[in-house]
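Let's take a walk through this structure together, one piece at a time. Keep the picture open as you read.

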Amino acid sequence: MRQVLRFVVPVVLAALVTACGVRPTGVIGAGEPAVAQQAVPQTTVYLARSERLVPVRRVAFPGAPQAALYDLWSRGATSTEVAGGMRNPVDDISLLDITFHEGLLVVDYYRDTPLSRLIMAQIVCSGTAQPAVRRVQLVGWTYKGPGDTQPSWDYQNPPPGWAINISRERKCSQYADLMGS
């Protein structure tokens, strides 16, 4: 055992002293410290200012083109946007559903009155600003009866009493006259 220690101790000391050939150096300046940055994807939606559409940037949800419209309906105009004179015309519309298939975004909403041209433009232009969306179709649902109590709404199997108004497919270029400067 003593012979083993006599051999091992000098080998360990030699390894520590030589430190594998690495010599100590001073501090090396290499610029600013690294900062982790990840680009946050953004998309465009439209708000209104003085009855004209104004593009605003929002966080995007890649792979879900309907998400920007859901966000527009649920969040509306931010306090900064409102302070800048903008408003969200779709705030007065009851959204039922938004679906996307093969370039067509279909927006189902409760229709108690016809949509204004500005609201249609806001929905269509915000929709077609999303990747892969080429056209938007607006589908208005109205309860006509019987009775005063509306049955549960199911757009795939509408119960009796629901009337539907399906618009033709639209593009943002149809509303060029409503674009703000």
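## Starting at a hairpin

Find Ala 48 first: its bridge partner in strand 2 is Leu 53. Keep in mind that what you're looking at is a predicted model. That pair belongs to two strands running antiparallel, strand 1 (residues 42–49) and strand 2 (residues 52–59), with 8 bridges joining them. Together strand 1 and strand 2 make a hairpin, with 2 residues between them. Look into the turn and you'll meet Ser 50, which has a positive phi of about 55°.

Now step back for the whole chain. It holds 4 helices and 6 strands, and if you start at the N terminus the elements come in the order α-β-β-α-α-β-β-α-β-β. Of the 181 residues in the chain, 36% are buried. Contacts between residues 24 or more positions apart make up 59% of those with a separation of 6 or more. As for the outside, the accessible surface comes to about 11800 Å², and carbon and sulfur atoms account for 57% of that.

Next up is the sheet. Which order do its strands take? They go 3-4-5-6, in an open sheet of 4 strands with mixed pairing. Strand 3 (94–101) and strand 6 (162–166) sit at the edges, each pairing on one side only. On average, neighbouring strands here are turned by 20° against each other, if you ignore direction.

Zoom in on the strand 6 end of things. Strand 5 (residues 135–143) and strand 6 run antiparallel, joined by 5 bridges. One pairing to look for is Tyr 143 with Trp 162, its bridge partner in strand 6. Helix 4 (residues 117–128) packs on the sheet too, touching strand 4 and strand 5, and its direction makes about 135° with that of strand 5. Then there's helix 2 (residues 67–75), which lies across strand 3 and strand 4 (104–110) and runs at about 170° to strand 3.

Let's finish with a single residue, Arg 170, in the segment after strand 6. Is Arg 170 buried or exposed? Buried, and yet it has no salt bridge. The nearest side chain of opposite charge is Glu 169, 10 Å away, whereas a salt bridge needs a side-chain nitrogen of Lys or Arg within 4 Å of a carboxyl oxygen of Asp or Glu. So what is Arg 170 in contact with, leaving aside its neighbours within four places in sequence? Its contacts include Met 120, Val 124 and Thr 128, along with Arg 134, Arg 135, Val 136, Leu 138 and Tyr 175.

Conventions:
Residues are numbered from 1 along each chain as its sequence is written. This is a predicted model: local features need pLDDT of at least 70, side-chain atom pairs count only at pLDDT 80 or more; totals for chains, interfaces and linings use all residues. Side-chain values use heavy atoms; hydrogens and water are left out. Two strands pair if DSSP finds at least two bridges between them. Axes are lines fitted to C-alpha atoms, for helices over the stretch in contact, and angles run from 0 to 180 degrees between N-to-C directions. Contact means heavy atoms within 4.5 Å. Buried means under 20% relative accessible area, exposed over 50%, partly exposed in between (1.4 Å probe, protein chains only). Lys and Arg count as positive and Asp and Glu as negative; His and the chain ends are not counted. Accessible areas come from the Shrake-Rupley method with a 1.4 Å probe; for residues, only the protein chains shown count as cover.
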